Amino acid sequence: MLTITKQTEIIPGIYELCLYGDITQQPIKPGQFVDIKIPDDAHLLRRPFGIAHVDRQNKTITLLYRVVGKGTAYLSRCPLKTELSVLGPLGNGYPSDHLMPGQNALIIGGGTGIPPLYELSRQLVAKNINVHHVFGFANQAAIFYEAPFRALGPVSYATNDGSYGYHGHVGLLLDAQFADAVSHYDAVYACGPKGLLMAVDSRFSKHPHAYISLEERMACGIGACYACVTKLRRNPDIQLKICDDGPVFKTNEVLI
Amino acid sequence: MLTITKQTEIIPGIYELCLYGDITQQPIKPGQFVDIKIPDDAHLLRRPFGIAHVDRQNKTITLLYRVVGKGTAYLSRCPLKTELSVLGPLGNGYPSDHLMPGQNALIIGGGTGIPPLYELSRQLVAKNINVHHVFGFANQAAIFYEAPFRALGPVSYATNDGSYGYHGHVGLLLDAQFADAVSHYDAVYACGPKGLLMAVDSRFSKHPHAYISLEERMACGIGACYACVTKLRRNPDIQLKICDDGPVFKTNEVLI
Amino acid sequence: MTDLTISLPGLDLKNPIMPASGCFGFGQEYARHYDLNKLGAIIIKAATKEPRLGNATPRVAETPSGMLNAIGLQNPGIEVIMNERLPWLATNYPDLPVIANVAGNTEADYVAVCQQISQAPNVHAIELNISCPNVAHGGLEFGTSPEIAAKLTKACVAVSQVPIYVKLSPNVTDIRPIALAVEAAGAAGFSLINTLVGMRINPKTRQPILANQTGGLSGPAIKPIAIRLIHQVRSISQLPIIGMGGVTTAADALELMAAGANAVAVGTANFSDPFACPKLIAALPEELAKYQLSDLSSFDLRRDLIHD
Amino acid sequence: MTDLTISLPGLDLKNPIMPASGCFGFGQEYARHYDLNKLGAIIIKAATKEPRLGNATPRVAETPSGMLNAIGLQNPGIEVIMNERLPWLATNYPDLPVIANVAGNTEADYVAVCQQISQAPNVHAIELNISCPNVAHGGLEFGTSPEIAAKLTKACVAVSQVPIYVKLSPNVTDIRPIALAVEAAGAAGFSLINTLVGMRINPKTRQPILANQTGGLSGPAIKPIAIRLIHQVRSISQLPIIGMGGVTTAADALELMAAGANAVAVGTANFSDPFACPKLIAALPEELAKYQLSDLSSFDLRRDLIHD
Ligand SMILES: Cc1cc2nc3c(=O)[nH]c(=O)nc-3n(C[C@H](O)[C@H](O)[C@H](O)COP(=O)(O)OP(=O)(O)OC[C@H]3O[C@@H](n4cnc5c(N)ncnc54)[C@H](O)[C@@H]3O)c2cc1C
Ligand SMILES: Cc1cc2nc3c(=O)[nH]c(=O)nc-3n(C[C@H](O)[C@H](O)[C@H](O)COP(=O)(O)OP(=O)(O)OC[C@H]3O[C@@H](n4cnc5c(N)ncnc54)[C@H](O)[C@@H]3O)c2cc1C
Ligand SMILES: Cc1cc2nc3c(=O)[nH]c(=O)nc-3n(C[C@H](O)[C@H](O)[C@H](O)COP(=O)(O)O)c2cc1C
Ligand SMILES: Cc1cc2nc3c(=O)[nH]c(=O)nc-3n(C[C@H](O)[C@H](O)[C@H](O)COP(=O)(O)O)c2cc1C
Ligand code: FES
Ligand code: FES
């Protein structure tokens, strides 16, 4: 059980949720996620959320989530001190052991794919990696966590309506401003909507250290039920489980 | 919506619940009940509870309930300030207009049938009626609200195991100590388990002002669904609805 | 302004929402809580030829996100309904279309009640209940065989002054032959779903909670089954469907309409919240606006969904 | 000390609780969370002759107190199960009885898998899955006709080294003739219920949420249907029943046992709480003590309940 110690609506519809408890005693890799039981008997399936920030000193983790359906709406109404059943950390997380201080990483995200990238960026910066962020949003009003990310490294924004930064989706921004990214960056990390992941997957398909994080509807969250499978690109007869073998995969590894 | 302003476990498994809100603006008769939505989506049916105390000044009503199943267990865990959807006051309540100051009333109850009798007794005493209470419980440990009732008038207890008061059930206590009750009391009111109600129903079948309050599983609570019917004794082809035509009936009126 | 009107055989409705049969009596009790004119229509409690006392109590039990009922079609009989209940509605709510739910022990019973009740001026349609799981006779048995269902439908259609919507049972291996048979027999449309047969056992007594032992399962628990069956019937028939089963919110109502329902009845939700229907109706425009829609015809995407 | 042991054909169990097929894989993942020796037995994921990839994603959706799944019997095939999954269980949990769930496209498939898997030393019984609603072939069609179900059962019983429990479908008009036919064909017992066919529609796209369109409804929502069907099968047969459908708590398990189940499988609850099974098992003694019982045989009040 983790306890809600803070919950703020940081922009309309997006909540920052701090959970206190023993989960931080264990190692947590950026890109791993937690699976939360909505405390209402009618909701059986846990909800997966990326871990946006781990604060070992205060024994808290922070999640950032958008209210999309009944479960997240319920969560957003849970008062402070609510105890939540949280499973995790789950999944594999983003590999970064190969990165050396002074090397460069490109972090690409969009919408509610951003949360796990914040913890990733923090840990990379702590290892003295230079991090550049490329984020896509529907419009300026949808952007959140701009200041925290800017504190870690430069951020290039793309908005669908052009209200902030580059006018267009992230794929176009990559083409326009990051043409040499494949050679320039020692690691590429992405999380976000399917279109964004496909753009990254194709653009960095041969990069030796480019990773994308997938989403799928889940039941068990631990690899037992086969709800969340994805097929290997090189052999679609082999299926991997996003909850357990993922959610992070190398580019060109799975069919998205 | 009514707000929980107080919730105490007064003896193991029995809770006193104070609800604040506009419900006290309307007239509430003793013996009426409220129908409470358990604030969890998996629980559809409202739970009926007698109104144990109406405090117009502080705009609160008090309920006394036993935790018997999932709904009451959930209710007992609801923290202060929880907002509850409360339907009511529902049902007819105990008639007492015929009583004059100085007259005598006998109040008979058992277990969780006691709650509505407290508000009844209070209102009778306020009208200068002499009230005698006869209460049955499984054993001494199960007794609650002894002092509040004693403050209103004498209380005779019967316990099944003889651990307090008369040894035996309420029917036997009535036979032993209230043989002249039919003529002595100007009104008789009962609420409690079926055995108790049957004892009162038969013993006071000809009393012109003897009333019993029935329980039944309900769905709508307002007379529309026919879940809670009971048959008229004089013509079992006629059915009354406990939620709407009751829960209070005259003795000898319905088949119990 | 959102246009919530819908037009179905016999039913020109200002909105597609109506209380489901058996969950709203004959309207009188809920009328104490709100103005019934807010409703698109009202489906009244089952009418039978003779008055019925129904089953012994307990008649209801709770289940996770659902409930069981075994009321057993208690109703005051066609005479009282014709002479008191329907006139009360006609007097107090002259513009409220009534759908009469009809049940019986025998085909002759059904036919007699359909003939009589369809003459009431405010009865705009009949919902033929061939799917009540809670009575010994005249319930499910009429609804599980295509032949029997068709024969009964034909006989009722022949005598009725108003269109007949046949209420189908979910307690069957395949609903499609039954729907097709009923359509061929002249039904104006379908109403679905009725309740699923269920049981709860009291852990203390280890006996069924309901006096009738089994009861009909309703409420949100059955919503996915309702959606599936509506979708399946829509895939083989273009007749109008009054959909029901677990509808609580405007989103639920639109989900059933997306599956193929043309109007939506609300049953169990009335018990959780007596204001369920007017709240749902009030929320419909905003729910439609989420999809940039301002009327219900454009919501009708059934053709996309027919691949069963 | 409460005695939780039960003894059924092929299955001498230290307690009556086992994870349901498809909700626990082949045990490896849950073994990371707790010691599987706590379980009475384990029912493994369906085994088919060839490996199966299952359906497209999304494969699951939530419903009120329930969920839909359309996994589509994804499994690595009998070879891998025999050579890797079952040996892993035998090595790590030598005392854990395994019930193998068997499915197929054709009768020949079923027979081949039953023959092979029943030879695995740790497979103590087979659960014959003739009721999967999520595959185009070899699912429900074997389970809705008494004749076909009996023929298949007979063929499998003939080749199996272990008792066969036939898993019945709730998606039928009347389960009794199917149960009787399967009993006559030599089944050692029944397993029920499999999932009910349901659907959810995504309000945004107005298309089914599941790629497979329909899915199997499981979880507490279907518990009253499971109880009703267990009770109904118990009323016509004295064969052992492995009951399942929405069991989450010890009280739920006893409710199914009161209805006639001799052992209880837990499916969906594992997803809400990975520790659902061991928690339930730990709570059983206290739950039994509420009724002054110290073993399960005395809980068996099935005879009282047979009036269907
Ligand atoms: C590994 C992973 C990490 C995620 N991290 C985040 C995050 O950090 N912040 C954030 O806002 N969202 C995140 N999501 C998406 C988030 O899980 C869904 O938005 C959320 O489950 C919706 O729940 P709901 O009850 O509001 O919606 P409902 O529609 O009521 O949910 C019904 C069911 O569908 C599932 N579901 C609905 N949408 C999704 C989805 N996009 N992905 C997976 N399951 C879904 C729910 O989990 C639930 O089981 C993540 C998803 C995955 C798989
Ligand atoms: C008019 C009336 C007044 C009541 N007043 C009181 C009171 O003042 N204090 C008190 O402790 N109890 C009272 N009860 C009983 C109380 O309603 C039940 O104990 C309570 O509903 C049980 O809910 P649960 O969720 O804990 O039990 P569950 O068993 O989980 O409930 C399942 C369903 O059964 C119904 N149910 C279960 N037991 C009863 C019962 N005895 N009567 C009616 N419905 C039941 C529930 O309402 C619910 O719909 C009253 C009942 C009625 C009808
Ligand atoms: C208490 C109760 C009584 C019902 N009575 C009838 C009835 O008389 N005739 C009928 O056709 N359906 C009856 N039904 C079924 C409903 O009309 C409806 O088909 C079913 O409950 C599913 O809808 P819901 O989930 O919204 O309740 C009854 C349902 C309930 C809960
Ligand atoms: C994700 C999932 C996968 C399932 N796979 C199988 C299966 O492979 N074979 C089978 O016989 N039943 C399968 N089932 C059905 C369950 O074994 C069980 O019969 C059903 O879910 C009802 O129990 P529950 O409500 O406890 O989940 C599956 C159920 C779920 C939810
Ligand atoms: S959610 Fe069960 S395998 Fe991934
Ligand atoms: S509970 Fe519906 S009529 Fe009484």
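How far is an oxygen atom of ligand 4 from an N or O atom in the side chain of T268(D)? In this predicted model, the two atoms are 2.6 Å apart, and that contact serves here as the starting point for an account of the ligand sites, of the interface between chain D and chain C, and of a few backbone features in chains A and B.

**The site of ligand 4**

Ligand 4 is surrounded by 23 residues, of which S21(D), N101(D), G219(D), G246(D) and T268(D) are the closest. Besides the contact made by T268(D), a polar atom in the side chain of N101(D) is found 2.7 Å from an oxygen atom of ligand 4, and the side chain of K45(D) places an N or O atom 3.1 Å from an oxygen atom of the ligand. Of the 600 Å² that ligand 4 exposes when taken alone, the protein buries 98%. Sorted by class, the shell around ligand 4 consists of 13 polar, eight nonpolar and two charged residues.

**The site of ligand 3**

Around ligand 3 there are 23 residues, and those that come nearest are S21(C), N101(C), G219(C), G246(C) and T268(C). A polar side-chain atom of K45(C) is 3.0 Å from an oxygen atom of ligand 3, while the side chain of N101(C) has an N or O atom 2.7 Å from an oxygen atom of this ligand. The backbone also takes part in the list of contacts, with an N or O atom of G246(C) lying 2.6 Å from an oxygen atom of ligand 3. Taken alone, ligand 3 exposes 600 Å², and 98% of that area is buried by the protein. The shell around ligand 3 divides into 13 polar, eight nonpolar and two charged residues.

**The site of ligand 2**

Ligand 2 has 21 residues around it, the closest being R47(B), P48(B), G71(B), T72(B) and R217(B). Two backbone contacts are found here: a polar backbone atom of G69(B) is 2.8 Å from an oxygen atom of ligand 2, and a polar backbone atom of G71(B) is 2.7 Å from an oxygen atom of the ligand. From the side chain of T72(B), a polar atom lies 2.4 Å from an oxygen atom of ligand 2. Taken alone, ligand 2 exposes 830 Å², of which the protein buries 86%. The elements of chain B that contribute two or more residues to the shell around ligand 2 are β4 (47–50), β6 (60–66) and α1 (70–77), and β4(B) gives the most, with four residues. By class, the shell around ligand 2 has nine nonpolar, seven charged and five polar residues.

The table sets out the residues around each ligand by class.

| Ligand | Nonpolar | Polar | Charged |
|---|---|---|---|
| ligand 4 | eight residues | 13 residues | two residues |
| ligand 3 | eight residues | 13 residues | two residues |
| ligand 2 | nine residues | five residues | seven residues |

**The interface of chain D and chain C**

Chain D and chain C each place 41 residues in their contact, and together they bury about 3600 Å², with 63% of this area on carbon and sulfur atoms. The interface holds eight residue pairs in polar contact, both residues being at pLDDT 80 or more, and two salt bridges. One of the salt bridges joins E255(D) to R200(C), with 2.7 Å between the closest N and O atoms. On the side of chain D that touches chain C, two or more residues come from each of β11 (196–199), β13 (207–208), β14 (214–218), α7 (223–234), α8 (250–259) and α11 (302–305) of chain D. The largest share of that side, six residues, belongs to α7(D). By class, the side of chain D that touches chain C comprises 22 nonpolar, 12 polar and seven charged residues.

**Backbone features in chains A and B**

In chain A, the peptide bond leading from G246(A) to P247(A) is cis, with omega near 10°, and P247(A) is located in the loop between β16 (239–241) and β17 (248–250) of that chain. In chain B, the peptide bond from G88(B) to P89(B) is cis, with omega near 0°, and P89(B) belongs to strand β8 (residues 86–90). K81(B), a residue other than glycine, has a positive phi, near 80°, and is placed in the loop between α1 and β7 (83–84) of chain B.

Methods: Residues numbered from 1 in each chain as written. Chains lettered and ligands numbered in written order. Predicted model: local features only at pLDDT ≥ 70, side-chain atom pairs only at ≥ 80, totals over all residues. Heavy atoms only, no water. Contact = heavy atoms within 4.5 Å. Buried area = accessible area lost by both parts, 1.4 Å probe. Salt bridge = Lys/Arg side-chain N within 4 Å of Asp/Glu carboxyl O. Polar contact = N/O pair within 3.5 Å; in protein donor to acceptor, adjacent residues only side chain to side chain. Nonpolar A, V, L, I, M, F, W, Y, C, P; charged D, E, K, R; others polar. Near = heavy atom within 4 Å. Areas by Shrake-Rupley, 256 points an atom, 1.4 Å probe, with all protein chains shown as cover.
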